[in-house]
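The following exercises introduce a single protein chain by way of short tasks. Each task is followed by a solution in steps.

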Amino acid sequence: MTRPQSSAARELGLKRGEFDLAVRLGRIRTVPAPGGGRRRVPREEIDRIREAEGFPNTLLEQVRVVGTTEGAELMDIPSTRFTRLARAGMLTPAKFYVNRYRTVVWLYLAQELREFAGAEVNGPLLTGRAPDRVRARLQAGADLRPKNWRARHAGYLLGQADGPWERAAAVATLLDPAQLAELVVSPYERAHLQRLRPDEFWYGAPESPNAAIVQRILTADDPDEISWLRGNLLLNLEEARARRPAPRPTGHMEPAAASLEPLPEPTAEPLEARPRSLWSRLTGRGN
């Protein structure tokens, strides 16, 4: 027995944003819906969480997020230092939103910030002169907040994927369309990956200005990150093709295979009466 996510959120005392984040963090397990659509929450998962010690306060604390000002207060450092640490990749955002001024606002898990500040090894990052590696990144104009968020997001997407095609589709969401077309030549495979793309309903209408900003954040732009995504995509595609080729129209034959067909015998029929070649049927061009 499973419950819709909206019902599960009410039973767990979570707002929609808190529930979504809990799922993304792996705090709440979901399963595919039998008939498709949004994933659902097993009844036993709801019971497990409700019966846990400290419910609901423990769960609420696990999904509590703060912005720069409150995060700096939690860590007992100036907001400027907090921002520098985040831009240098020392702090990983848990989520973000685009405000009415179309500015990206990054949010961090309060629990992670307290743990970071409490770790002795991080002491030099919180007081005095910043370490050379941090200063070097900032002087180079680095802002690793999008990359770090994508790494967290990729982990969530891959964790929700049920097979190699689904894993390939998850990785494909983080690659530029031009790179995807370069790696996945077959239009049928690209269409199949598009159908399997995770439902990213949370960032608004696809054509809205905010969606364009979010899409830039979703698209990998770091060379090492892109290299990892490309390799991961190719490995999953290899496994997916071996298990089950992407669906294609019945009777379809790749143009390369068609080129191996013997040429027809000469005929006296007028050209316009002859059947169109396979290539012309595929491309829409004349014989």
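**Exercise 1.** Does Arg 241 count as buried, partly exposed or exposed, and at what relative accessibility?

*Solution.* The model is a predicted one.
Step 1. The relative accessibility of Arg 241 is 37%.
Step 2. Buried means under 20% and exposed means over 50%, with partly exposed in between.
Step 3. Arg 241 therefore counts as partly exposed, at 37% relative accessibility.

**Exercise 2.** Identify the salt-bridge partner of Arg 241 and describe where the two residues lie.

*Solution.*
Step 1. Arg 241 forms a salt bridge with the side chain of Glu 189, at 2.8 Å from N to O.
Step 2. Glu 189 belongs to helix α13 and Arg 241 to helix α15, so distant parts of the chain, 52 residues apart, are linked.
Step 3. Glu 189, in contrast to its partly exposed partner, counts as buried at 8% relative accessibility.

**Exercise 3.** Describe the salt bridge of Asp 162 in the same manner.

*Solution.*
Step 1. Asp 162 pairs with Arg 39, and their closest N and O atoms are 3.9 Å apart.
Step 2. Asp 162 sits in the loop between α10 and α11, while Arg 39 sits in the loop between α2 and β2, 123 residues apart.
Step 3. Asp 162 is exposed, with a relative accessible area of 56%, whereas Arg 39 is buried, with 19%.
Step 4. For the chain, the count comes to 20 salt bridges. Arg 3, Glu 11, Arg 43 and Asp 47 are linked in a network of such bridges.

**Exercise 4.** Which side chain of opposite charge is nearest to Arg 81, and how far away is it?

*Solution.*
Step 1. Arg 81 is found in helix α6, residues 79-87.
Step 2. Side chains of opposite charge can pair when their charged atoms come close.
Step 3. The nearest such side chain is that of Asp 76, 11 Å away; Arg 81 is buried and has no salt bridge.
Step 4. Not counting residues up to four places away in sequence, Arg 81 touches Leu 125, Leu 126, Thr 127 and Gly 128.

**Exercise 5.** In what order do the three strands of the open sheet lie?

*Solution.*
Step 1. The order is β3-β5-β4, with antiparallel pairing. The edge strands, β3 and β4, each pair on one side only.
Step 2. Two bridges join β3 to β5, and Val 66 has Tyr 108 as its bridge partner in β5.
Step 3. Four bridges join β4 to β5; in β5, Leu 107 is the bridge partner of Lys 95.
Step 4. In a regular strand the side chains alternate between the two faces of the sheet. In β4, Phe 96 and Val 98 form the covered face, and Lys 95 and Tyr 97 the uncovered one.
Step 5. Helix α7 lies across β3 and β5, running at about 65° to β5.

**Exercise 6.** Why is helix α11 described as largely enclosed by the rest of the structure?

*Solution.*
Step 1. Seven of its nine residues are buried, so helix α11 is largely enclosed. Among them are Trp 165, Ala 168 and Ala 169.
Step 2. The cover over the buried residues of α11 includes α10, α12, α13 and α15.
Step 3. Leu 193 touches residues including Trp 165, Ala 168 and Ala 169.
Step 4. Leu 193 is also one of the residues with the most contacts inside the largest nonpolar core, which has 44 residues.

Terms used
Residues numbered from 1 in each chain as written. Predicted model: local features only at pLDDT ≥ 70, side-chain atom pairs only at ≥ 80, totals over all residues. Heavy atoms only, no water. Buried < 20%, exposed > 50% of the residue type's maximum accessible area, 1.4 Å probe, protein only. Lys, Arg positive; Asp, Glu negative; His and termini not counted. Salt bridge = Lys/Arg side-chain N within 4 Å of Asp/Glu carboxyl O. Contact = heavy atoms within 4.5 Å. Pairing = 2+ DSSP bridges. Axes fitted to C-alpha atoms, helices over the stretch in contact; angles between N-to-C directions. Core = buried A, V, L, I, M, F, W, Y, C linked by side-chain atoms within 4.5 Å.
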